[in-house]
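New to this one? Here's a quick briefing to read alongside the sequence and the 3D view.

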Amino acid sequence: PTLIVTSASGDERTIAVGDGLTLMEAIRDNGFDELLALCGGCCSCATCHVHIEPDFLPLLPPMSRDEDDLLDSSDTRDATSRLSCQIPLTEEMDGLRVRIAEID
Ligand code: FES
């Protein structure tokens, strides 16, 4: 799918990524170093926090209890927050807009 990624500082870029990656891997692989993803995708750090454009939220897999608990540790959590390592990309997500959360 094609994704439209906005950095925390507001730079927007369109990236094309293969299936089978997580949203976290897709963002990292395209040079957005500010997405720290310190735990490497194990759902234990919350440094892969992103905001998803609301229209796309229903296309994402439901949030696990662990993801929900981890997101609670972030001051910038809102209704559009997800951990990007918990989102495997699919073709239906084509055009997804995502913004990297500010580090708090
Ligand atoms: Fe650590 Fe997603 S990379 S929770």
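Two strands count as paired when DSSP finds at least two bridges between them. With that in hand, take Ile52, which stands opposite Val98 in strand S5. Keep in mind that what you're looking at is a predicted model. The mean pLDDT of the protein is 95, with 99% of its residues at 70 or more, and the model scores ipTM 0.99 and pTM 0.95.

**The sheet**

- Start with the overall layout: 5 strands make an open sheet, in the order S2-S1-S5-S3-S4, and the pairing is mixed.
- Strand S2 (12–16) and S4 are the edge strands, each with a single partner strand, so one side of each has no neighbour in the sheet.
- From one strand to the next, the twist averages 35°.
- At the S2 end of the order, S1 and S2 run antiparallel and are joined by 5 bridges.
- To find that pairing on screen, look for Leu3, whose bridge partner in S2 is Ile15.

**Strand S3 and its two partners**

- On one side, S3 pairs with strand S4 (residues 81–83) in the antiparallel sense, over 3 bridges.
- His49 is a handy marker here, as it stands opposite Leu83 in S4.
- S3 is also joined to S5 by 3 bridges, and these two strands run antiparallel.
- For this pairing, go back to Ile52, which sits opposite Val98 in S5.
- So are the faces of S3 buried or exposed? Both faces are covered: His49 and His51 on one side are buried, and so are Val50 and Ile52 on the other.

**The nonpolar core**

- The largest nonpolar core has 22 residues, and the ones touching the most other members are Leu23, Met24, Ile27, Leu35, Cys48, Val50 and Val98.
- Several elements chip in: strand S1 (2–6), helix H1 (23–29), strand S3 (49–52) and strand S5 (96–100) supply at least two residues each.
- Which element gives the most to this core? That's H1, with 4 residues.
- What does Cys48 touch, leaving aside residues up to four places away in sequence? Its contacts are Met24, Leu35, Ala37, Leu83, Ser84 and Cys85.
- Two of those contacts, Met24 and Leu35, are also among the core residues that touch the most other members.

Definitions and conventions. Residues are numbered from 1 along each chain as its sequence is written. This is a predicted model: local features need pLDDT of at least 70, side-chain atom pairs count only at pLDDT 80 or more; totals for chains, interfaces and linings use all residues. A nonpolar core is a set of buried Ala, Val, Leu, Ile, Met, Phe, Trp, Tyr and Cys residues joined through C-beta atoms within 7 Å. A residue is buried if 20 or more other C-beta atoms lie within 10 Å of its own, exposed if 12 or fewer, and partly exposed in between; C-beta atoms are placed from the backbone. Two residues are in contact if their C-beta atoms, placed from the backbone, lie within 7 Å. Axes are lines fitted to C-alpha atoms, for helices over the stretch in contact, and angles run from 0 to 180 degrees between N-to-C directions. pLDDT is the predictor's confidence in each residue, from 0 to 100.
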